[in-house]
Amino acid sequence: MSGSYLGTSSLRSPISSGGTVRSAMSLPKGHPGYGGHWPEYRPPKETDSRCSCPALNAMANHGIIPRSGREISFVELGHHIRATYNFSPTFCSFVPHFASRFLKRNYSEDTFDLEELDLHNAIEHDASLIRLDSAYEQKQSIKHVPFIEELLEAATGKDKNGNNVLTTKDLSRLLGKRRAVARAINREFSLSLFHKIFGSTNAATLVKVFGGRVDHLHSFLHHERLPEGWESRIRQPHGMTLMSFNKTILKVELGVCENDWKEAAREAAEQGLVPVQT
């Protein structure tokens, strides 16, 4: 991406009553997503590289980053994340910098394939909301459909237009279940404080970027596709900062209670329950 986008990529326009953007001036003309029109969606080919992160996979499926998911520049990735999801420059640089370090690559000069991000317990971790633990599914680009359906069906909120929305409490509740059950059935289970926060960060993104809207998240999580007419719900002129995001992340994490799922975890362990893809 050209550096000229950086100064204008976070100029967001008002949201209409339907949850989409009224004005066509929210992104620079010619930039992916201008006027809510995203580049053509194409599902990945067998030879394409994908990872456990639906946000990055969606960018590849729309051609915002290389559709192959291969030879992606660490530097360019941060720019594209900012323009697509409207996080602040500081936030957008964290994951590429962290990835370059654990992959032992040069941030400024090297590239990576999306699947390389799924080194276990680097960024990818156990007790995901939408993926099986790597002990059961080593290819973390594969979505676990029952988890996605359970997540979307857990929505208890409504927005002002009557749309079903996930709340932070919904996310906390389901993260508690994922952690409790995974801890009980996965003999290789591990979840550090860092990865707990990372999991809550991923969950908080569903609320902050997508407003928790189930209809939008259905497309995003099942198909890793940006809905037509959609733009990030982050409206701050310079993108959402880490400080601002941390409030939602902590709200999600502090609401997690594995003890609420003791019975479900016990039953899963007694039955030797191993999640399977359906």
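**Entry 1: the pocket lining**

I looked up which helix gives the most to the lining of the largest pocket, and α6 has the largest share, with 9 residues. The model I am reading is a predicted one. Helix α6 covers residues 193-208. I then listed the other helices that supply at least two lining residues each: α1 (54-61), α2 (74-85), α3 (89-102), α7 (214-222) and α8 (242-254).

How many residues line the largest pocket, and which lie nearest its centre? I noted 41 lining residues, with Cys 53, Phe 198, Thr 201, Asn 202 and Thr 205 nearest the centre. The volume of this pocket comes to about 920 Å³. By residue type, I wrote down 29 nonpolar, 9 polar and 3 charged residues in the lining.

I kept one general remark beside this entry: a probe the size of a water molecule, rolled over the atoms, shows where empty space is left.

**Entry 2: two residues with positive phi**

I turned to the backbone next. Most residues other than glycine have a negative phi. I picked out two glutamates that depart from this.

Glu 71 has a phi near 55 degrees, a positive value, and is not a glycine. I found Glu 71 in the loop between α1 and β1, the strand at 72-73. Glu 224 also has a positive phi, of about 50 degrees. I placed Glu 224 in the loop between α7 and α8.

Is each of them buried or exposed? Glu 71 has a relative accessible area of 63%, so I entered it as exposed, the cut-off being over 50%. Glu 224 has 4% relative accessibility, so I entered it as buried, since the cut-off there is under 20%.

**Entry 3: salt bridges**

I looked up the salt bridges and found that the structure holds 12 of them. I followed three pairs and one network.

The pair Arg 105 and Glu 116 has its closest N and O atoms 2.5 Å apart. Arg 105 lies in the loop between α3 and β2 (111-112), and Glu 116 in the loop between β2 and α4 (145-153), so this salt bridge ties together parts 11 residues apart in sequence. I checked exposure for both partners. Arg 105 is partly exposed at 28% relative accessibility, and Glu 116 is partly exposed at 25%.

For Lys 177 and Glu 150, I again read 2.5 Å between the closest N and O atoms of the salt bridge. Lys 177 is in helix α5 and Glu 150 in helix α4, so the pair ties together parts that are 27 residues apart in sequence. Glu 150 counts as partly exposed, with 25% relative accessibility.

The third pair is Glu 253 and Arg 179, whose side chains meet in a salt bridge at 2.9 Å, N to O. Because Glu 253 sits in helix α8 and Arg 179 in helix α5, this pair ties together parts 74 residues apart in sequence. I noted both Glu 253 and Arg 179 as buried.

Last under this heading, I recorded a network of salt bridges that links Arg 70, Asp 113 and Glu 115.

**Entry 4: Ser 172 in helix α5**

I stayed with helix α5, which runs over residues 168-185, and looked at Ser 172 within it. What does Ser 172 touch, leaving out residues up to four places away in sequence? I listed Lys 251, Val 252, Gly 255 and Val 256. Ser 172 has 3% relative accessibility, so I put it down as buried.

**Entry 5: cysteines**

A disulfide is a covalent bond between the sulfur atoms of two cysteines. How many disulfides are there in the structure? My count came to 0. I looked at the exposure of two cysteines as well. Cys 92 is buried, with a relative accessible area of 3%. Cys 257 is partly exposed, at 28% relative accessibility.

**Entry 6: Asn 86**

Where does Asn 86 lie? I found Asn 86 in the loop between α2 and α3. With a relative accessible area of 0%, Asn 86 is buried. I also looked up its spacing from Val 209, which is 123 residues away along the chain. The C-alpha atoms of Asn 86 and Val 209 are separated by 8.3 Å.

Note on methods
Residues numbered from 1 in each chain as written. Predicted model: local features only at pLDDT ≥ 70, side-chain atom pairs only at ≥ 80, totals over all residues. Heavy atoms only, no water. 1 Å grid on protein atoms, 1.4 Å probe; cavity = no way out; pocket = protein on both sides within 12 Å on 5 of 7 lines; lining within 4 Å. Points joined across faces, edges and corners; volume = space filled by probe spheres on them. Helix = DSSP H or I, 4+ residues; strand = E, 2+ residues; numbered from the N terminus. Nonpolar A, V, L, I, M, F, W, Y, C, P; charged D, E, K, R; others polar. Buried < 20%, exposed > 50% of the residue type's maximum accessible area, 1.4 Å probe, protein only. Contact = heavy atoms within 4.5 Å. Salt bridge = Lys/Arg side-chain N within 4 Å of Asp/Glu carboxyl O. Disulfide = S-S within 2.5 Å.
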